[in-house]
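This report describes how the elements of one protein chain pack together. The sequence and structure are shown first, followed by a description of the cores, a helix and a sheet.

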Amino acid sequence: MRLLVIEDELPMRTALVRTLEAEGYRVRDAADGIAGLELACTESFDLILLDVMMPGLDGFAVCKAMRDRGREMPVLMLTAKGLIDDRVAGLDSGADDYLMKPFSLRELLARVRALLRRGEKEKQVPDLLWLGAAEIDFHRGVVQRAGNEVSLSEKEIGMLRLLVAHAGKPVAREKFLDVVWGYNAFPSTRTIDNFVAALRAKLEADPSAPQHLLTVRGVGYRLDV
């Protein structure tokens with residue numbers, strides 16, 4: 001995941017970059033709104049952490065300009081301002097979340113993870129997908145195979161969307177839990193195995209010898225389309 005930190009105060013910017021890099025994110029940073037806007041509009045990022053109180057081009061203006069230029073990555077605004085009107089202004093300018101200074105690094109990382117999960121959920125997948133003889137209709141939430149139609153549960157749809165978004169690549173069991181179930185739920189990784197077994201029964205001609213929804217030993221599952 002690539003993150004951009006736009007913050008004019010050097011100690012805060014340095015602390016944010018080091019904290020995020022320690023969590024495994026790739027991080028770029030900018031020291032003012034103009035440089036940050038240029039990076040946001042010319043490079044690809046999964047999330048932007050944006051300070052509000054900056055000289056010249058403030059965070060509100062940066063966020064609005066990004067949205068006007070069609071940049072839709074999530075934005076987490078960071079500010080010392082605590083007034084309701086200021087928070088409303090931030091959200092109205094296009095921000096996705098708002099964190100007041102001073103904040104704990106644990107809360108910051110939780111907000112970052114939540115926004116990145118939201119981005120995973122919103123990745124586009126086709127409304128219709130064929131897996132061999134099975135047709136998946138995401139819009140209707142059904143699978144048709146051999147003249148039979150079976151319904152998909154909300155969790156099954158979420159798992160399939162995640163697999164399709166990463167087609168050909170392994171998806172860890174923990175990622176299913178994080179993206180589809182969310183961090184407030186506490187199912188076990190065995191839950192994922194049970195859902196995969198149910199999906200294979202709906203998708204595969206022979207669930208005991210799957211051709212599309214494959215196990216990646218020690219990791220999770222992969223969808224071959």
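Leaving aside its neighbours within four places in sequence, which residues is Met159 in contact with?

## Surroundings of Met159

The model is predicted. Beyond its neighbours within four places in sequence, Met159 is in contact with Phe176, Val180 and Trp181, and also with Ile192, Phe195, Val196 and Leu199.

## Nonpolar cores

The largest nonpolar core has 27 residues. Met159 is among those with the most contacts inside this core, together with Ile136, Phe138, Leu160, Leu163, Phe176 and Ile192. Two or more residues each come from the strands β6 (128-131), β7 (134-137) and β12 (220-223), and from the helices α6 (154-165), α7 (173-181) and α8 (189-203). Of these elements, α6 gives the most, with six residues.

A second core, separate from the largest one, has 21 residues. Among them are Leu37, Ile48, Val62 and Val75.

## Helix α2

Helix α2 spans residues 33-42, and its buried residues are Gly33, Gly36, Leu37, Leu39 and Ala40. Viewed down the axis of α2, the buried residues fall within an arc of 165 degrees, so they line one face of the helix. The face turned away from this buried side carries Ile34 and Thr42, which are exposed.

Cover for the buried residues of α2 includes the strands β1 (2-6), β2 (26-30) and β3 (47-51), as well as the helix α3 (59-68). At the N-terminal end of α2, Asp32 acts as a cap: one of its side-chain oxygens lies 3.1 Å from the backbone nitrogen of Ile34.

## The five-stranded sheet

Five strands form an open sheet in the order β2-β1-β3-β4-β5, with parallel pairing. Its edge strands are β2 and β5 (97-100), each of which pairs on one side only. On average, neighbouring strands of the sheet are turned by 20 degrees against each other, direction ignored.

Within the sheet, the parallel pairing of β1 and β3 extends over four bridges. Leu4 has Ile48 of β3 as its bridge partner; Ile48 also belongs to the second core.

## Helices on the sheet

Helix α2 packs on the sheet, where it touches β1, β2 and β3. The direction of α2 makes about 160 degrees with that of β1.

Helix α3 lies across β1, β3, β4 (75-79) and β5. With respect to β4, α3 runs at about 170 degrees.

Note on methods. Residues are numbered from 1 along each chain as its sequence is written. This is a predicted model: local features need pLDDT of at least 70, side-chain atom pairs count only at pLDDT 80 or more; totals for chains, interfaces and linings use all residues. Side-chain values use heavy atoms; hydrogens and water are left out. A nonpolar core is a set of buried Ala, Val, Leu, Ile, Met, Phe, Trp, Tyr and Cys residues joined through side-chain atoms within 4.5 Å. Buried means under 20% relative accessible area, exposed over 50%, partly exposed in between (1.4 Å probe, protein chains only). Contact means heavy atoms within 4.5 Å. The arc is that of the directions from the helix axis to the C-beta atoms. A polar contact is a pair of N or O atoms within 3.5 Å; within protein, one must be able to donate a hydrogen and the other to accept it, and residues adjacent in sequence count only if both atoms are side-chain atoms. Two strands pair if DSSP finds at least two bridges between them. Axes are lines fitted to C-alpha atoms, for helices over the stretch in contact, and angles run from 0 to 180 degrees between N-to-C directions.
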